[in-house]
Amino acid sequence: MMVERHRILVVDDERINRKLLSELLEEHHDVVIAKSGEQALERVQADSAVDLILLDVVMPGMSGHDVLRRLKASDATKDVPVIFITSLNSVDDEEIGLDLGAADYITKPFHPGIVRLRVENHLRFVRQRKILETLAGRDCLTEIDNRRRFEEVLEREWRRAGRGSGPMSVAIIDVDYFKQYNDHYGHARGDQALKAVAKALSGGPNRASDFVARYGGEEFVMLFPGTPADGARELAESVRHAVASLAIPHAHSAVAPHLTVSIGGATSDDYQSPGHALIEAADTMLYRAKAEGRNRVLW
Ligand code: GH3
Ligand code: MG
Ligand code: MG
Ligand code: MG
């Protein structure tokens, strides 16, 4: 059976425990070692790919309890499952550990087979959570990111950006006369057209740092972090050309014989204001692009 490899952080101040646990797990997983609570926190902060932590409680310096409290206090690490593996074997100790948010509690001396099985159980939850996270952020028709993921990315980028990172730009892309397209060619062909547009937007002229999502219906959104208006506007123009180049026939468009898009954009470096104000500004420009005749970019 193919087992997906995961990254497991083993934290214990005693060498023999680190050795036993690594040997137990490294056949199927990548094991990372920390000799203290402090080192454990450094490791997870440096390595966002850690899937599960086996954590000793009694250690000189920072205790396992302290480590878990710190992990739970940070958005980046609060969901990483932690299994305490400890010589503190009273039910009260176990209750304290679970109450802190540990996923599981194993007492020393541990039984290797039990450790392995409990680890695999929790890794199954890790895989399920990853699948759910992916699905929750994906649009099922076009298979690009959806509005929910966009809102997350916008908020994150907006929070990260600040003095010196330059302005951020956003573009809203709306298919022209798409109701007429559906009415004439049918909803199924409409779906195909939306897929093609999504592909042109996400695989086209944009750079790695840019982000594309389906915003809803026949509307898409692109985020250009650290990009001033001129550059973003140029990118939006190439997006508009990329869609026109698909040459999807549209006999009932008043603007061209093929499918076109209108794009409204906005740029800001006022990171004190809310991120969605930028979206509203872009939406206003989109409205104007429609009013001025469609098949154009307005910033
Ligand atoms: P405008 O040029 O002003 O943007 O006109 P429009 O017809 O594109 O705009 P309107 O908002 O009137 O119509 C949008 C259409 O997009 C109507 C709706 O049925 C269609 N649509 C939205 N989502 C989907 C979808 O998932 N599949 C298909 N086939 N059509 C969709
Ligand atoms: Mg110890
Ligand atoms: Mg629309
Ligand atoms: Mg439209």
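The following conversation goes through several labels applied to this predicted model and the values behind them.

Colleague: What makes Asp174, Val175 and Glu218 donors of the magnesium ion (ligand 4)?

Modeller: Their coordinating atoms, OD of Asp174, O of Val175 and OE of Glu218, lie at 1.9 to 2.2 Å from that ion, and since a donor has to be an N, O or S atom within 2.8 Å of the metal, these atoms qualify. Along the sequence the donor residues of ligand 4 follow the spacing D-V-x42-E.

Colleague: Which residues coordinate the magnesium ion (ligand 3), and at what distances?

Modeller: The magnesium ion (ligand 3) is coordinated by Asp174 through OD and by Glu218 through OE, at 2.2 to 2.4 Å, which is again within the 2.8 Å limit. The two magnesium ions, ligand 3 and ligand 4, are 3.7 Å apart, and aspartate 174 coordinates both. Aspartate 174 and glutamate 218 link distant parts of the chain, for aspartate 174 belongs to strand β6 (residues 168-175) while glutamate 218 sits in the loop between β7 (211-216) and β8 (219-224), 44 residues apart.

Colleague: Why is aspartate 174 called buried?

Modeller: Its relative accessible area is 7%, and buried means under 20%, so aspartate 174 is placed in that class.

Colleague: How do you know that lysine 108 forms a salt bridge with aspartate 56?

Modeller: The closest N and O atoms of the two are 3.1 Å apart, and because the criterion is a side-chain nitrogen of Lys or Arg within 4 Å of a carboxyl oxygen of Asp or Glu, the pair meets it. Lysine 108 lies in the loop between β5 (104-107) and α5 (112-136), and aspartate 56 in the loop between β3 (52-55) and α3 (64-73), so that the pair, 52 residues apart, links distant parts of the chain. At 15% for lysine 108 and 2% for aspartate 56, each partner is under the 20% limit and therefore counts as buried. Asp56 and Lys108 are also linked with Asp12 in a network of salt bridges, and a search of the whole structure finds 20 salt bridges.

Colleague: What is notable about the peptide bond from lysine 108 to proline 109?

Modeller: That bond is cis, with omega near 0°, whereas most peptide bonds are trans. Proline 109 is found in the loop between β5 and α5.

Colleague: How are arginine 129 and glutamate 133 placed relative to each other in helix α5?

Modeller: They are 4 residues apart in that helix, and therefore separated by about one helical turn, and their side chains meet in a salt bridge at 3.6 Å, N to O. Arginine 129 has a relative accessible area of 30% and glutamate 133 one of 42%; since partly exposed covers the range between 20% and 50%, that is the label for both.

Colleague: Why is α7 described as oblique to α8?

Modeller: Helix α7 (residues 178-185) and helix α8 (residues 187-203) pack at an angle of about 130°, with their axes 7 Å apart. Angles over 145 degrees would count as roughly antiparallel and those from 65 to 115 as roughly perpendicular, and because the angle falls in neither range, α7 is oblique to α8. Phe178, Tyr181, Asn182 and Tyr185 in α7 meet His187, Arg189, Gly190, Ala193 and Leu194 in α8, and by class this contact has 5 nonpolar, 3 polar and 1 charged residues.

Colleague: What makes leucine 68 a buried residue?

Modeller: Leucine 68, found in helix α3, has a relative accessible area of 0%, and since buried means under 20%, the label follows. Leaving aside its neighbours within four places in sequence, leucine 68 is in contact with Leu55, Val82, Phe84, Gly97, Leu100, Gly101 and Ala102. Of these, Gly97 is 29 residues away in sequence, with a C-alpha to C-alpha distance of 9.1 Å.

Colleague: What is the phi of glutamate 143, and where is the residue found?

Modeller: Glutamate 143 has a positive phi of about 60° although it is not a glycine, and it is found in the loop between α5 and α6 (147-160). Most residues other than glycine have a negative phi. With a relative accessibility of 60%, glutamate 143 is over the 50% limit and therefore counts as exposed. Tyrosine 177, in the loop between β6 and α7, likewise has a positive phi, of about 50°, without being a glycine.

Conventions:
Residues are numbered from 1 along each chain as its sequence is written. Chains are lettered from A and ligands numbered from 1 in the order in which they are written. This is a predicted model: local features need pLDDT of at least 70, side-chain atom pairs count only at pLDDT 80 or more; totals for chains, interfaces and linings use all residues. Side-chain values use heavy atoms; hydrogens and water are left out. Donors are N, O and S atoms within 2.8 Å of the metal (3.2 Å for Na, K and Ca); water is not among the atoms, so sites may look incomplete. Helices (H or I, at least four residues) and strands (E, at least two) are DSSP runs, numbered from the N terminus. Buried means under 20% relative accessible area, exposed over 50%, partly exposed in between (1.4 Å probe, protein chains only). Axes are lines fitted to C-alpha atoms, for helices over the stretch in contact, and angles run from 0 to 180 degrees between N-to-C directions. Angles under 35 degrees count as roughly parallel, over 145 as roughly antiparallel, 65 to 115 as roughly perpendicular and the rest as oblique. Contact means heavy atoms within 4.5 Å. Ala, Val, Leu, Ile, Met, Phe, Trp, Tyr, Cys and Pro count as nonpolar, Asp, Glu, Lys and Arg as charged, and the others, Gly among them, as polar.
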